[in-house]
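Visitor: I would like a close look at a single part of this model. Please take one helix, go through its surroundings, and then place it among the other elements.

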Amino acid sequence: MVTRTAQERRDEQKRAYDAYLAACPARKLLDEVSGKWVSLVLVALGDGPRRYSDLSRRIAGVSQKMLTQTLRTLERDGLLTRTVTACVPVRVDYELTELGRSLRQLLAGIKDWAETRFDEVETARDRYDARSAALTIGSDGAG
């Protein structure tokens, strides 16, 4: 058994969760939670429990397959709970856990930012595209 100093152990622990490293487990989690469907599902669940059909109607454009996959992933990661109520028809509700609520706060802020800053981003895109087009024309010798 190799003996390590306390500093070496701390350094190793830091490396274990450095999302910049390809093998970092936090990197995979970051990939998962940064998906558009994850963001929209978590924000939609912020008002309380919702049924699958409610989420499907609320989140325009999500396919049944993607919504199902997203909900399963979020449940597996401990971000939401799935409650089945025996009735006819069977009722299934999804609700954020405490862990899910903590992530939802961050994602809701990003959603709000995107909604309020989109015009600025679109203006920047237009400027960039115009500049790129001018450079392309200039480099082709046509300008």
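Guide: A residue is called buried here when its relative accessible area is under 20%, exposed when the value is over 50%, and partly exposed in between. The model is a predicted one, and the part chosen is helix α3, residues 36-44.

By that cut-off, the buried residues of α3 are W37, V38, S39, V41, L42, V43 and A44. Seven of the nine residues of the helix are therefore buried, and α3 is largely enclosed by the rest of the structure. What do the buried residues of α3 pack against? The list takes in helices and strands: α2 (25-33), β1 (50-51), α4 (52-58), α5, β3 (91-96) and α6 (98-139). Two of these, α5 and α6, can be described in detail.

Start with α5, which covers residues 64-76. The axes of α3 and α5 are 10 Å apart and make an angle of about 70°. An angle from 65 to 115 degrees counts as roughly perpendicular, so α3 is roughly perpendicular to α5. From the α3 side, the contact is made by W37, V38, V41 and L42, and from the α5 side by M66, L67, T70, L71 and L74. By class, the residues of this contact are eight nonpolar and one polar, with no charged residue.

T70 deserves a separate word. This residue sits in helix α5, and its relative accessibility is 7%, so T70 counts as buried. Once neighbours within four places in sequence are set aside, T70 is in contact with W37, V38 and V41. W37, V38 and V41 are among the α3 residues that meet α5, and they are also among the buried residues of α3.

Now α6. Here the axes come within 9 Å and cross at roughly 110°. That angle makes α3 roughly perpendicular to α6. The α3 residues involved are S39, L42 and V43, and they meet L103, R104, L107, A108 and K111 in α6. The contact of α3 with α6 has five nonpolar residues, one polar and two charged. L42 appears in the contact with α5 and again in the contact with α6.

S39 belongs to helix α3. With a relative accessibility of 19%, S39 counts as buried, because the cut-off is under 20%. Leaving out residues up to four places away in sequence, S39 touches V33 and L107. L107 is one of the α6 residues in the contact with α3.

A general point helps in reading both contacts. An α-helix has 3.6 residues a turn, so residues three or four places apart point the same way.

On the α2 side, one residue gives some detail. L30 lies in helix α2 and has a relative accessible area of 47%, which makes L30 partly exposed. From L30 to A19 the C-alpha distance is 7.8 Å, with their positions eleven residues apart in sequence as counted from one to the other.

The strands come next, since β1 and β3 are both among the elements that the buried residues of α3 pack against. Three strands make an open sheet with antiparallel pairing, in the order β1-β3-β2. The edges are taken by β1 and β2 (80-85), each with a single partner strand, so one side of each has no neighbour in the sheet. Strands β1 and β3 run antiparallel and are joined by two bridges, and R50 stands opposite Y94 in β3. Strands β2 and β3 also run antiparallel, joined by six bridges. Along that pairing V84 stands opposite V92, and the bridge partner of T81 is E95.

A hairpin of five residues connects β2 to β3. P89 lies in that loop between β2 and β3, and the peptide bond from V88 to P89 is cis, with omega near -5°.

Last, the cysteines. The structure holds zero disulfides. C24 is buried, at 5% relative accessibility, whereas C87 is partly exposed, with a relative accessible area of 37%.

To return to the chosen part: α3 is largely enclosed by the rest of the structure, and α3 is roughly perpendicular to α5 and roughly perpendicular to α6. The contact with α5 has no charged residues, while the contact with α6 has two.

Methods: Residues numbered from 1 in each chain as written. Predicted model: local features only at pLDDT ≥ 70, side-chain atom pairs only at ≥ 80, totals over all residues. Heavy atoms only, no water. Axes fitted to C-alpha atoms, helices over the stretch in contact; angles between N-to-C directions. Helix = DSSP H or I, 4+ residues; strand = E, 2+ residues; numbered from the N terminus. Parallel < 35°, antiparallel > 145°, perpendicular 65-115°, else oblique. Contact = heavy atoms within 4.5 Å. Nonpolar A, V, L, I, M, F, W, Y, C, P; charged D, E, K, R; others polar. Buried < 20%, exposed > 50% of the residue type's maximum accessible area, 1.4 Å probe, protein only. Disulfide = S-S within 2.5 Å. Pairing = 2+ DSSP bridges.
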